[in-house]
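Please open the structure in your viewer and keep the selection panel at hand. The tour below proceeds stop by stop.

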Amino acid sequence: MKGTNMGNQPLHKYTPRWMLNIIETKKCAECGEKAHKHDICAIGVRSFGAEGKCTTYVEHKCGKCQVRTITSFAKEKLSSVEDLCYMIIEQIHAQKKLEKSKELSQQQNSNSQIGDDEVDALKQFLETNESHADFLKYIGSNEITEDDED
Ligand SMILES: [Zn+2]
């Protein structure tokens, strides 16, 4: 898995559609290039305010000039960490189901509901980890390498 070319970052596959829609209305502050879902290099939760409210954010890297931008969704309909967990896990499930159905054609998979422990695990993970790489590992995108620094 080392040295995998990341012309295509798959993180957008795990990003909820409504977030992608917002991202794709953005433009790079540096060069004006339109943001694209393939530019997404991180998705996460950060807390703000005294009440410990959470906001979701997406980091994306300009395809043209490589400048990174963080888009927060503080004023969007979420947000609790739980909400984000549900959304992400939903995406992961949908994605895995899709891949599985490609591989195994018709095998029915009954466990596509989201389990509480799954949400708890992801929630805990998001609360204790800052690293994007760890998150990518968590959601199983271990083909991504961090070769984009420098
Ligand atoms: Zn740019």
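Helices and strands are here runs assigned by DSSP, of at least four residues for a helix and at least two for a strand, numbered from the N terminus. On that basis, the protein chain of this predicted model follows the pattern α-β-β-β-α-α-α along the sequence, with four helices and three strands.

**Confidence**

Begin by colouring the chain by pLDDT. The mean over the protein chain is 73, and 62% of the residues reach 70 or more. Among the elements, select strand 3 (residues 68-72) for the highest mean pLDDT, 90, and helix 4 (residues 132-138) for the lowest, 63. Next select residues 1-9, where the pLDDT is below 50; this stretch has 14 contacts in the model beyond near neighbours in sequence. Residues 142-150 also have pLDDT below 50, with 13 such contacts. Where pLDDT is low, the predicted coordinates should not be read in detail.

**The nonpolar core**

Now select Ile23, Ile40, Val58, Leu84, Cys85 and Ile88. Of the 17 residues in the largest nonpolar core, these touch the most other members. Helix 1 (17-23), strand 1 (40-48), helix 2 (81-103) and helix 3 (116-128) each give two or more residues to this core. Which element supplies the largest share? Helix 2 does, with four residues. In soluble globular proteins, nonpolar side chains tend to be buried together.

Stay with Cys85 and display its surroundings. Leaving out residues up to four places away in sequence, Cys85 touches Val119, Leu122, Lys123 and Leu126.

**Two loop positions**

Move to Lys37, in the loop between helix 1 and strand 1. Beyond its neighbours within four places in sequence, Lys37 is in contact with His12, Leu20, Ile23 and Glu24. A C-alpha to C-alpha distance from Lys37 to His60 should read 8.1 Å, although the two are 23 residues apart in sequence. Lys37 has 18 other C-beta atoms within 10 Å and is therefore partly exposed, since buried requires 20 or more and exposed 12 or fewer.

Then select Gly115, in the loop between helix 2 and helix 3. Is Gly115 buried or exposed? Gly115 is exposed, because 10 other C-beta atoms lie within 10 Å. Its C-alpha atom is 9.6 Å from that of Tyr86, 29 residues away along the chain.

**The whole chain**

Finally, return to the full view. Buried residues make up 20% of the 150 residues in the protein chain. Of the contacts between residues at least 6 apart in sequence, 61% join residues at least 24 apart.

Key. Residues numbered from 1 in each chain as written. Predicted model: local features only at pLDDT ≥ 70, side-chain atom pairs only at ≥ 80, totals over all residues. Core = buried A, V, L, I, M, F, W, Y, C linked by C-beta atoms within 7 Å. Contact = placed C-beta atoms within 7 Å. pLDDT = per-residue confidence, 0-100.
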